[in-house]
Amino acid sequence: MDTPDNIRKLSINNDAREMLVRAREEGIETVWDRLAAQEPQCGYCSLGVSCRNCAMGPCRVDPFGDGPQKGVCGADADIIVARNLGRTIAAGASAHSDHGRDILEVFTALAAGETSGYEIRDEAKLLALAAEWGIETQDRGIAEVARELGDAMMEDFGSRKERVGFLERLPEQRKKLLDELGITPRGIDRENVEMLHRTHMGVDNDYANTLLHGLRTSLSDGWGGSMVATELSDVMFGTPKPIKSCVNLGALRTECVNIALHGHNPMLSDVMMQAAEDPELIKLAKDKGAEGINLVGLCCTGNELQMRKGLPMVGNHLMQELVLLTGALDAMVVDYQCIMPAVVDVAKCFHTEVISTADKAKFAGATHVSFDPRRGLEIGKDIVRRGIEAYVNRNPDRVRIPEGTVEMMAGFSVEAILGALGGTPEPLVDAIKAGKIRGAVGVVGCNNPKIPQDYGHVTLTRRLIENDILVLVTGCSAVANGKAGQMMPEAADMAGPGLAEVCRALGIPPVLHMGSCVDNTRILTLAAALANYIGVDISELPLAGAAPEWYSEKAVSIGAYVVASGIFTVLGVQPPIFGSQNVVQLLASGLDDVVGARFAVEPDPEEAALLIRRHIESKREGLGLPFIPADDIETEQVA
Ligand code: BF8
Ligand code: SF4
């Protein structure tokens, strides 16, 4: 299809472009139109130098030096930028950790026998976690062990502990460093509340002190709330194993009732998948003229199910409006996070019913079905029934589904990766030592309409694998790489010779899907396992992180805990910190001397790949492994 240039530059994907053409034809507004309407965006806010933390304000300081240099209270650019960043981290960490708490509450209710639609699907993992948390398992029933583990994890959210439980996974050196810096996360809720306290007018007025607490807050997410979410989701919904799946809007089926699961928490979507298999509902769908019920995933709740059950994905963040534009989606079921309020408006142009399910996330104009895990399966069936009823209103003349799907593999939990390696990190460590694999990079995070959709993820990942760097993906990056065909074992052909050899020997892709965004904790766990195996700190390993197209406060928290765990991280979108040179200096350089890692900002993924390669080679040099000198790297870049 001939796509106009102004649309081609919005996304690298044909299915997205096809729907964008339709949106223009029909005058349906999307995220890209709204971004254009906002431009130029506020310069003060972009630099992070505006503050509305109190009613003496709002205030802004002039980054060019002509206007005021202090807010009404006397806060300068350093304080304002650091406070804003601190609150952003707290918001992101809170989103992840509240998701973790929701999972934990379902888990404790399950242990008490009060739920419907849930079971312990991975007993071995439950017992391993119990052992890790010092809970007696001998001669005890599984429900009793689960109850005690749930109680112990609940304590991590409060104020009674000196460190959250999963921090024990860290190498001793890192634990000691965090203690010395005073940034060991004590309680998940505690660190977030303390950040809100510190950033109230007149509390923490030392920017470096605020930012250090920002790291602590983010650590309470990565090694706290998010890790609870991942680990207990595995126990209840199954620990992922390699599985084949597919991606693209072509996963929608004209002849079926199409229901998209959008949001983040698997506690609803897993039950929905069970409900959609109900023979009575399948019969109802057939009675209404459909051939069956087709569930598809969007964003991270989709990733959760793709990892465990191979659910086809219709897309990542920037596809949520475009999937509605197919006219083939009968219901979009949402829980929380990353769901644009605009989906309700786009859905109104079609027959699609938007169904919200979380009482903490309602959408004006959507149908709300309050989800309650005690009646999980019953509510799941009710929601599927609504999707079938909406199907009846579908106008076949309005259906336009872009053709074709791309195959991709998912399911690479730490357990699955170590399993493929024969139960020990040794083969991976050997491949790294020999230089077949130079290192590993987590390419994670969102889409942002400021960047052509998926361009950053796909380009950066491609350059890394071409240069024998193993890439681990989660969240929207996994979808982007899947669509680009980089996540099948055959993609070994795209990799450098060393990585290709390892992938072929193991039958794995060079880009491994490790799950949703809370599952970035799988990457942390793997990094800690490698460091412990070799006997070094995480910061000494040839690892890096990247969020080429991030948009969300959650991504800021992720970036912060990755750096605080000792891993260099490159951001593709500029965060609002550039109004304070001191803050920039600390994050982009000074932190290296504090936590052994720092941030970089690099919008061009080609350049980001070079930065990361140089970093990885310098870590190899530090470990005494064969390395490529930094000066040689630019010339060696494979085009
Ligand atoms: O939690 S990567 S756009 S969907 S925030 Fe959102 Fe970003 Fe996607 Fe997953 Ni994560
Ligand atoms: Fe202004 Fe200070 Fe109030 Fe912020 S906290 S709005 S800088 S007076």
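**Exercise 1. Explain why N258 is classed as buried, and describe its surroundings.**

Solution. N258 has 0% relative accessibility and therefore counts as buried (under 20% relative accessible area; exposed is over 50%, partly exposed in between; 1.4 Å probe, protein chains only). The model is predicted: local features need pLDDT of at least 70 and side-chain atom pairs pLDDT 80 or more, while totals for chains, interfaces and linings use all residues. Residues are numbered from 1 along each chain as its sequence is written, chains are lettered from A and ligands numbered from 1 in the order in which they are written, and side-chain values use heavy atoms, with hydrogens and water left out.

Next, place the residue: N258 lies in strand 4, residues 257-262 (strands are DSSP runs of E, at least two residues, and helices runs of H or I, at least four, numbered from the N terminus).

Then take the polar contacts (N or O atoms within 3.5 Å; within protein, one must be able to donate a hydrogen and the other to accept it, and residues adjacent in sequence count only if both atoms are side-chain atoms). The N258 side chain reaches the backbone oxygen of R253 at 2.9 Å, and it makes a polar contact with the side chain of N294, also at 2.9 Å.

**Exercise 2. Find the aromatic pairs and classify each.**

Solution. The whole structure holds 2 aromatic pairs (ring centres of Phe, Tyr or Trp, the last by its six-membered ring, within 6.5 Å; planes under 30 degrees apart are stacked, over 60 edge-to-face, the rest tilted).

Y118 and F237 have ring centres 6.2 Å apart and planes at 55 degrees, so this pair is tilted. Y118 belongs to the loop between helix 5 (77-111) and helix 6 (123-132), and F237 to helix 10 (residues 207-237), 119 residues apart. Y118 and F237 are buried.

For W133 and F166 the centres are 5.2 Å apart and the planes at 80 degrees, so the pair is edge-to-face. Both W133 and F166 are buried.

**Exercise 3. Describe the shell around ligand 1 and the polar atoms that approach the ligand.**

Solution. The residues near ligand 1 (a heavy atom within 4 Å) are H264, C299, C300, H317, C338, G445, C446, C476, C517, Y551, S552 and K554. They divide into 7 nonpolar, 4 polar and 1 charged (Ala, Val, Leu, Ile, Met, Phe, Trp, Tyr, Cys and Pro are nonpolar, Asp, Glu, Lys and Arg charged, the others, Gly among them, polar).

An N or O atom in the H264 side chain is 2.5 Å from an oxygen atom of ligand 1. For K554, a polar side-chain atom lies 3.2 Å from an oxygen atom of the ligand.
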